[in-house]
Every structure is written in structure tokens, then in C-alpha cells.
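Work through the exercises below with the sequence and the model open. Try each task before reading its solution.

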Amino acid sequence: MFKKARLLLTISLIGMSLLTGDAIHRQQTLMSIERQGIRYSLVAAQGHRWLAIEDPVGSKPYTNDLTVLQPYRLDVVDVDQDGQEDIVIGVMKYTHFDAMMKPRVFVFNYHQRNLIKKWTGSALGDAMLDFGYVPSTTEKPCLLMVIDQG
């Protein structure tokens with residue numbers, strides 16, 4: 001049910017070109033979300049997974065190689081109602097406090113072409129199976145929901 005709450009999410013297999021260094025690499029867009037005129041995409045190329053953020057004001061997309069995090073899901077929502085969209089990424093990795101390779105939820109801010117860690121905790125409960133959110137309203141904050149094995 002909460003998967004339907006993801007607005008404007010498109011899963012696309014259309015390739016796009018992104019200039020990286022001196023070479024243009026062919027990429028596959030895995031997920032793409034547009035919020036307030038900014039496009040957030042999770043793309044794959046040559047064994048890497050990148051977060052690409054395209055702001056119409058910027059001349060070139062912001063990119064960040066997230067391969068080590070093994071990202072598999074992307075959402076953009078104002079998790080803490082501070083007025084700024086947060087980038088919520090489902091990752092598959094181990095952490096400092098948990099050596100098991102597991103799905104996890106990481107939350108970032110994007111400000112002035114910088115990706116800023118907001119929350120990269122080890123767990124939200126038992127072993128996570130999936131996550132989603134219920135968007136905020138004027139009366140209620142955004143709810144980040146986790147389905148776990150517990």
C-alpha cells in the first residue's frame with residue numbers, strides 16, 4: 001500500500017549520457033524522481049551505481065558514485081518537515097556496528113552541490129525487508145515505515 005505513495009517515480013530503461021572525466025559513458029537509468037523542478041536519478045554504468053541530481057539552474061548534473069553502498073532504491077521526501085526535500089536511499093551494506101550485509105535506509109540532504117549525511121544508522125529494528133513513507137500533511141509529519149522480519 002505505501003509503495004503507491006511514491007509520487008512521480010518512474011522506472012526507466014532509457015539510456016542517458018553523462019560526462020565523467022574525459023569520456024562519455026553509456027548509462028542505464030534505474031529510477032528517476034522529479035521534485036520541484038529537480039530530477040534525482042539512480043543510474044548504472046560500467047559496474048558502478050551513481051546518484052545524479054539535475055537542477056535546471058546548474059550547468060552540469062551533480063553526480064556521486066554510490067557503488068560501495070550498493071543502492072537499490074531512491075525516494076525524495078521531506079522526512080523531518082524542515083522544508084527541504086531529503087534523499088532517502090535503500091542500500092545494501094554492512095555498518096560499523098553491524099558486520100552483516102543487510103538492506104538499510106540512509107537519508108541525505110543536498111545543498112549547494114553537496115550531499116550531506118543526515119542519517120546513516122545501522123538499523124531501524126529487526127532485519128529490514130522493505131521501506132516506504134506516508135507523505136506529510138499540514139497536521140501530520142512524514143512517516144518513514146519499515147517492514148522487518150520481527
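The model is predicted.

**Exercise 1. The chain as a whole**

Task: Establish how many helices and strands the chain holds, and what share of its residues is buried.

Solution.
- Step 1. Count the elements. The chain has twelve strands and zero helices.
- Step 2. Read along the sequence. The pattern is β-β-β-β-β-β-β-β-β-β-β-β.
- Step 3. Turn to burial. Of the 150 residues, 39% are buried.
- Step 4. Look at sequence separation. Take contacts between residues at least 6 apart in sequence: 33% of them join residues at least 24 apart.

**Exercise 2. A sheet and its edges**

Task: Work out which strands stand at the edges of the open four-stranded sheet, and why one side of each has no neighbour.

Solution.
- Step 1. Write down the strand order. It is 7-8-9-10, and the pairing is antiparallel.
- Step 2. Find the edges. Strand 7 (71-77) and strand 10 each have a single partner strand, so one side of each lacks a neighbour in the sheet.
- Step 3. Check the turn. On average, neighbouring strands in this sheet are turned by 35° against each other, direction ignored.
- Step 4. Inspect one pairing. Strand 7 and strand 8 (residues 86-95) run antiparallel and are joined by six bridges.
- Step 5. Pick out a bridge. Val76 has Ile87 of strand 8 as its bridge partner.

**Exercise 3. Ile87 and the cores**

Task: Identify the residues with the most contacts inside the largest nonpolar core, then trace which strands supply it.

Solution.
- Step 1. Size the core. It has 21 residues.
- Step 2. Name the best-connected members. They are Tyr40, Leu51, Ile53, Leu74, Ile87 and Ile89.
- Step 3. Trace the strands. At least two core residues come from each of strand 3 (23-35), strand 4 (38-45), strand 5 (48-54), strand 7, strand 8 and strand 9.
- Step 4. Find the largest share. Strand 4 gives four residues.
- Step 5. Set the other core apart. Another core, of eight residues, lies apart from this one; Val107, Met128, Phe131 and Tyr133 are among its members.
- Step 6. Take Ile87 by itself. Beyond four places in sequence, Ile87 touches Tyr40, Leu51, Ile53, Leu74, Asp75, Phe106, Val107, Phe108, Tyr110 and Leu115.

**Exercise 4. Aromatic pairs**

Task: Classify the aromatic pairs, and say what the pair of Tyr62 and Tyr110 ties together.

Solution.
- Step 1. Count them. The structure holds two aromatic pairs.
- Step 2. Take Tyr62 and Tyr110. Their centres are 5.2 Å apart and their planes make 55°, a tilted pair.
- Step 3. Place these two residues. Tyr62 is in strand 6 (residues 62-65) and Tyr110 is in strand 9, so the pair ties together parts 48 residues apart in sequence.
- Step 4. Test burial. The cut-off is under 20% relative accessible area. Tyr62, at 10%, is therefore buried. Tyr110, at 18%, is buried too.
- Step 5. Take Phe106 and Phe108. The centres lie 6.5 Å apart with 70° between the planes, so the pair counts as edge-to-face, for which the angle must be over 60 degrees. Both Phe106 and Phe108 are buried.

**Exercise 5. Asn109 and Leu115**

Task: Decide whether Asn109 is buried or exposed, and find its side-chain polar partner.

Solution.
- Step 1. Place Asn109. This residue is in strand 9 (residues 98-111).
- Step 2. Judge burial. Its relative accessible area is 10%, so Asn109 is buried.
- Step 3. Find the partner. The side chains of Asn109 and Asp86 make a polar contact at 3.1 Å.
- Step 4. List the surroundings. Beyond four places in sequence, Asn109 touches Gln84, Glu85, Asp86, Asn114, Leu115, Ile116 and Lys118.
- Step 5. Move on to Leu115, in strand 10 (residues 114-119). Among the residues Leu115 touches are Leu51, Tyr62, Ile87 and Asn109.
- Step 6. Compare sequence with space. Leu115 and Tyr62 are 53 residues apart along the chain, while their C-alpha atoms are separated by 9.3 Å.

**Exercise 6. A loop residue**

Task: Locate Leu66 and decide whether this residue is buried or exposed.

Solution.
- Step 1. Locate Leu66. The loop between strand 6 and strand 7 holds this residue.
- Step 2. Judge burial. Leu66 has a relative accessible area of 4%, so Leu66 is buried.
- Step 3. List contacts beyond four places in sequence. Leu66 meets Arg49, Trp50, Leu51, Pro71 and Ile89.
- Step 4. Add a distance. Val91 is 25 residues from Leu66 in sequence and 9.1 Å away, C-alpha to C-alpha.

Definitions and conventions:
Residues are numbered from 1 along each chain as its sequence is written. This is a predicted model: local features need pLDDT of at least 70, side-chain atom pairs count only at pLDDT 80 or more; totals for chains, interfaces and linings use all residues. Side-chain values use heavy atoms; hydrogens and water are left out. Buried means under 20% relative accessible area, exposed over 50%, partly exposed in between (1.4 Å probe, protein chains only). A polar contact is a pair of N or O atoms within 3.5 Å; within protein, one must be able to donate a hydrogen and the other to accept it, and residues adjacent in sequence count only if both atoms are side-chain atoms. Contact means heavy atoms within 4.5 Å. Two strands pair if DSSP finds at least two bridges between them. Axes are lines fitted to C-alpha atoms, for helices over the stretch in contact, and angles run from 0 to 180 degrees between N-to-C directions. A nonpolar core is a set of buried Ala, Val, Leu, Ile, Met, Phe, Trp, Tyr and Cys residues joined through side-chain atoms within 4.5 Å. Rings of Phe, Tyr and Trp (its six-membered ring) pair if their centres lie within 6.5 Å; planes under 30 degrees apart count as stacked, over 60 as edge-to-face and the rest as tilted.
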